[in-house]
Amino acid sequence: MKSVTVISRVSDPCLILEGSRGACWLAAQSYRIGLEAPACYEQGPAGKVYKLTSELCVITGRNIIKNIEREWTREIPAGIILHEPGTSDRRSLKDILRRCS
């Protein structure tokens, strides 16, 4: 796989989507996500979805995050948690996501 910048700065936006139906919810919102995990699913210039496990996705990119937050506020899906990681968690995520790229 090619080398890509994942989270270049700790302040770069990212969201964590947790739950057994998280990936399905993203697919229902028209994001490209497959069955394979761990894997990185490019969303064009909007951002990326990193599917780490069947129950854990990390989303990066300002545009995709804005869209997901907007959809989330319209209807919060049952059994799925959306949260923004803290600074110390971002440092750890940066290393994990680099391995998925």
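Let's start with the overall layout: the protein chain has 3 helices and 5 strands. Please keep in mind that this is a predicted model. Reading from the N terminus, the order of the elements is β-α-β-β-β-α-β-α. Of the 101 residues in the protein chain, 41% are buried. Among contacts with a separation of 6 or more, 60% join residues that lie 24 or more positions apart.

A good place to begin the walk is the run of strands in the middle of that order. Strand E2 (39-42) and strand E3 (48-53) pair in the antiparallel sense, and 4 bridges link them. Together E2 and E3 make a hairpin with 5 residues between them, and in its turn Gly44 has a positive phi of about 70°. On the other flank of the pairing scheme, E3 also pairs with E4, again in the antiparallel sense, over 5 bridges. This second hairpin, of E3 and E4, has 2 residues between the strands. Lys48 is a handy residue to click on here: in E3, Lys48 is the bridge partner of Glu42, and in E4 the bridge partner of Lys48 is Thr60. As for E3 itself, 5 of its 6 residues are buried, so the strand is mostly covered.

Now follow the chain into helix H2 (62-74). H2 has 13 residues and reaches 19 Å from its first C-alpha to its last, close to the 18 Å expected at 1.5 Å a residue. Which residues of H2 are buried? They are Ile64, Ile65, Ile68 and Trp72. Because these residues cover an arc of only 100° around the axis, they sit on the same side of H2. The pattern fits a simple piece of helix geometry. An α-helix has 3.6 residues a turn, so residues three or four places apart point the same way. On the other side of H2, the exposed residues are Arg62, Lys66, Thr73 and Arg74. The buried residues of H2 pack against E1, H1, E3, E4 and strand E5 (81-83).

That packing leads straight to the interior. The largest nonpolar core has 18 residues, and those with the most contacts inside it are Leu17, Leu26, Ile59 and Ile68. Two or more residues of this core come from each of E1, helix H1 (22-28), E2, E4 and H2. H2 gives the largest share, with 4 residues. Ile68 shows how distant parts of the sequence come together: setting aside neighbours within four places in sequence, Ile68 is in contact with Leu15, Trp25, Leu26, Tyr31, Ile59 and Leu82. Apart from this core lies another one, of 8 residues, among them Cys14, Val58, Leu97 and Cys100. As a general background to both, nonpolar side chains in soluble globular proteins tend to be buried together.

Leu97 and Cys100 take us to helix H3 (87-100), which has 14 residues and reaches 20 Å from its first C-alpha to its last, close to the 20 Å expected at 1.5 Å a residue. In H3, Arg90, Leu93, Leu97 and Cys100 are buried. What covers the buried residues of H3 includes strand E1 (14-18), E2, E3 and strand E4 (56-60). Leu93 makes a nice close-up. With a relative accessible area of 8%, Leu93 falls under the 20% limit and therefore counts as buried. Leu93 and Ile16 are 77 residues apart along the chain, yet their C-alpha atoms are separated by 9.9 Å.

One last stop concerns the cysteines. How many disulfides are there? The count comes to 0. Why is there no bond between Cys24 and Cys57? The closest cysteine sulfur to that of Cys24 is in Cys57, and it is 9.5 Å away, which is too far for a bond because a disulfide needs the two sulfur atoms within 2.5 Å. The surroundings of the two residues can be set side by side as well: Cys24 counts as partly exposed, at 41% relative accessibility, whereas Cys57 is buried, with a relative accessible area of 1%.

Terms used:
Residues are numbered from 1 along each chain as its sequence is written. This is a predicted model: local features need pLDDT of at least 70, side-chain atom pairs count only at pLDDT 80 or more; totals for chains, interfaces and linings use all residues. Side-chain values use heavy atoms; hydrogens and water are left out. The expected span of a helix is 1.5 Å times one less than its number of residues. Buried means under 20% relative accessible area, exposed over 50%, partly exposed in between (1.4 Å probe, protein chains only). Contact means heavy atoms within 4.5 Å. Two strands pair if DSSP finds at least two bridges between them. A nonpolar core is a set of buried Ala, Val, Leu, Ile, Met, Phe, Trp, Tyr and Cys residues joined through side-chain atoms within 4.5 Å. The arc is that of the directions from the helix axis to the C-beta atoms.
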